[in-house]
Amino acid sequence: MQVKHVLINDSWFTVQLIDKKTYAISEYGHWEKVHSFLLIGEEKAVLIDTGLGIDDIKRITDQLTSLPIEVITTHVHVDHIGGHGLYDTIYVHELDKDWLVNGISGLTIEQIRTDIQRDITIPTPKTFNPETYQPFTGEPTALLADGDVLQLGNRTLIIYHTPGHSPGHITIFDETNNYLFTGDLLYDTEPIFAFYPSTSPSDLVQSIEKIAMIPNVEKVFGSHHTLGLAPTVLQEAYDAVQYLKSHQLDQFGTGIHSFHQISFRF
């Protein structure tokens, strides 16, 4: 499947067409190379994550659909919730709710502001001031749990609880189109992280095993780096975590473990 550019002339976001009802909204000018995804149904649309909050992502989604948009949060890290305040309906897994409401304990605003402004390669909007940047905090509209099913009207999304990178991390399977949106559980180019105190290498390994068993996946969309991976990456990831488990490497402090397309940092 060829991912094509959509002709939206924007100074910060890159919008790419996955199919006529599915868009990737990417922030390639920032070191995190984060993707958010707009999935359009007949009755409503879902925005999977809302990016860094450096610029107004709603300006983009308003150009792509007039349907009501509900936000699904893969996990509550700053680079995935930056535009949450622009939308009325926000879903999050119950185990990440506290972070959404109160912020992540131990993560200082100074560290957040340092990270948000480093290694930016294109001009940022005039509205962005890293010295006053505040990550979103607020109450979610509803909580998600493993196995939940969301209907968009002729489009079905299934929620899988996949902890490890965060306690309430989720993966979303678009059963209608056979797309798997893996958040920060699975992507390429840079190591998949589970080395902070708030993460769990062993949970992440189990979550990889879980998503590798999902049938009929035709494309895998991680939230960073390469946009759209072949489903063979699921088998590679499964084999990789079997190796990590058998060598007792699925624990803190074991370092970086590199395979063909993917790597892990524990």
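## Salt bridges in the model

A salt bridge is taken here as a side-chain nitrogen of Lys or Arg lying within 4 Å of a carboxyl oxygen of Asp or Glu. The structure is a predicted model, and a search of the whole of it for such pairs finds ten salt bridges. Several of these are described below, together with the exposure of the residues that form them.

## Lys44 and Glu70

One of the pairs joins the side chains of Lys44 and Glu70, with a distance of 3.2 Å from N to O. Lys44 belongs to the loop between strand E4 (34–40) and strand E5 (45–48), whereas Glu70 is part of strand E6 (residues 69–72), so this salt bridge ties together parts of the protein that are 26 residues apart in sequence. Glu70 has a relative accessible area of 14%, which falls under the 20% limit and therefore makes this residue buried.

## Arg155 and Asp174

A second pair is formed by the side chains of Arg155 and Asp174, which meet in a salt bridge at 2.6 Å from N to O. Arg155 is located in the loop between strand E9 (149–151) and strand E10 (156–161), and Asp174 in strand E11 (residues 170–174), so that parts 19 residues apart in sequence are tied together by the pair.

Both partners are buried: the relative accessible area of Arg155 is 3%, and that of Asp174 is 0%.

## The network around Asp55 and Arg59

Asp10, Asp55 and Arg59 are linked to one another in a network of salt bridges. Within this network, Arg59 forms a salt bridge with Asp55, and the closest N and O atoms of the two are 3.1 Å apart.

The two residues of this pair fall into separate exposure classes, since Arg59, at 31% relative accessibility, counts as partly exposed, while Asp55, at 12%, counts as buried.

## The buried side of helix H4

Helix H4 spans residues 109–117, and its buried residues are Ile112, Arg113 and Ile116. These residues cover an arc of only 95 degrees around the helix axis, which means that they are found on the same side of H4. Helix H2 (78–81) is included in what covers the buried residues of H4.

After H4 comes Asp119, a residue whose phi is positive, near 55 degrees.

Terms used. Residues are numbered from 1 along each chain as its sequence is written. This is a predicted model: local features need pLDDT of at least 70, side-chain atom pairs count only at pLDDT 80 or more; totals for chains, interfaces and linings use all residues. Side-chain values use heavy atoms; hydrogens and water are left out. Buried means under 20% relative accessible area, exposed over 50%, partly exposed in between (1.4 Å probe, protein chains only). Helices (H or I, at least four residues) and strands (E, at least two) are DSSP runs, numbered from the N terminus. The arc is that of the directions from the helix axis to the C-beta atoms. Contact means heavy atoms within 4.5 Å.
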